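Q: Could you take me through a close look at one part of this model, the loops and a few residues that sit in them?

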Amino acid sequence: MFRIGVNIASDKIKAAVLDEYFRIIGRGQSEKRKKRTADELESDITAVINQAMDDAKIDKDYILSIGIAAPGTVDKESGIVEHASNFDFELIPLRDLLWKHFDKPIYLENDANCLALGEFKAGVGTRGDSLMAVTINKGVGGGLIFDGKIFGGCNGTAGEIGHMVINVDGEQCTCGRRGCFETYASVRALVAGVKAELETDKDSAIMGMIDNDLDNLNEKIVYEAIANGDALAIRVFEKYVYFLSVGITNIVNIFQPETLVIGGDICTLGKTLLNPIVKMVEEQRFSIHSDRQTDIRLCESGSDMTLIGAALLDE
Ligand SMILES: [Zn+2]
């Protein structure tokens, strides 16, 4: 029998058919859309699931369950996506919308929790029984595995580490508080930091990469400039990594997970990102005398672990 995992990312939706050895044997992918209405969401998810089953050459009689990784907050009991910034509305009854098309058990979970589960079952976290995933995208998310299971707290929304304050009276956050981890450690913060420096340092080679137009600056160009060793980009990146390490040290101090895995496209920076974080966490962490320490890893670039974790929600 097979399982289906779906990942609703910020602009496109992906689906995969997983076999019993956690291997992907079929895939589906939607077109990019900036925002989706409820009808578009329903039709796109249905289409990518059918596409993945066609690709795997199986029909729905062989499917055990469907798991959906959704951005934002989800209510697992009711199957409702409560809030996500890339939907045009709130409170989407996603499980009911999909049930009528597939007549299979449908599980819903926050995407960072799905990444954590995927890495725990089939990725870098297969040792021990605890894992924390830190997702770095436009915002910063977190997923927690305790005793081999997703830990959601009393209402399913545990692990929102992006809104842990690391600088009281710091930058204003979208959540209403000031100085949240997300306002310093998101990709948006990194790009904004480079942009602010470029406003006073027009001699930087980055200006050539963006045709002298700051509106052309994006995260891909910033990653490229960092990888090239551009002095301005490195200066901003060092400060950024320091804030990232402060938040990660807080998480390590509180939970001491066996594994902490960082996800998001920023992982394309590889050791340039990982090495300074590991070093700074080693310098700051409380557990300096313990023999056993949290293993800090990066997700592989283009990782399927969110999809795989979504497919395994029924386990
Ligand atoms: Zn916040």
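A: Here is a walk through three loop residues, starting with E258. Bear in mind that this is a predicted model, where local features need pLDDT of at least 70, side-chain atom pairs count only at pLDDT 80 or more, and totals for chains, interfaces and linings use all residues. Residues are numbered from 1 along each chain as its sequence is written, and side-chain values use heavy atoms, with hydrogens and water left out.

E258 sits in the loop between α8 (231-255) and β11 (259-263); helices (H or I, at least four residues) and strands (E, at least two) are DSSP runs numbered from the N terminus. With a relative accessible area of 15%, E258 is buried (under 20%; exposed is over 50% and partly exposed in between, using a 1.4 Å probe and protein chains only). Its side chain makes a polar contact with the side chain of R292, at 3.1 Å. That term means a pair of N or O atoms within 3.5 Å; within protein, one must be able to donate a hydrogen and the other to accept it, and residues adjacent in sequence count only if both atoms are side-chain atoms. Leaving aside residues up to four places away in sequence, E258 also touches others, including R127, D129 and T294 (contact means heavy atoms within 4.5 Å).

Now for K57, which lies in the loop between α1 (38-56) and β4 (63-70). K57 is exposed, at 74% relative accessible area, and has a positive phi near 60° without being a glycine.

D103, in the loop between α2 (94-102) and β7 (106-110), is a non-glycine with a positive phi of about 55°. D103 is exposed, with a relative accessible area of 52%.
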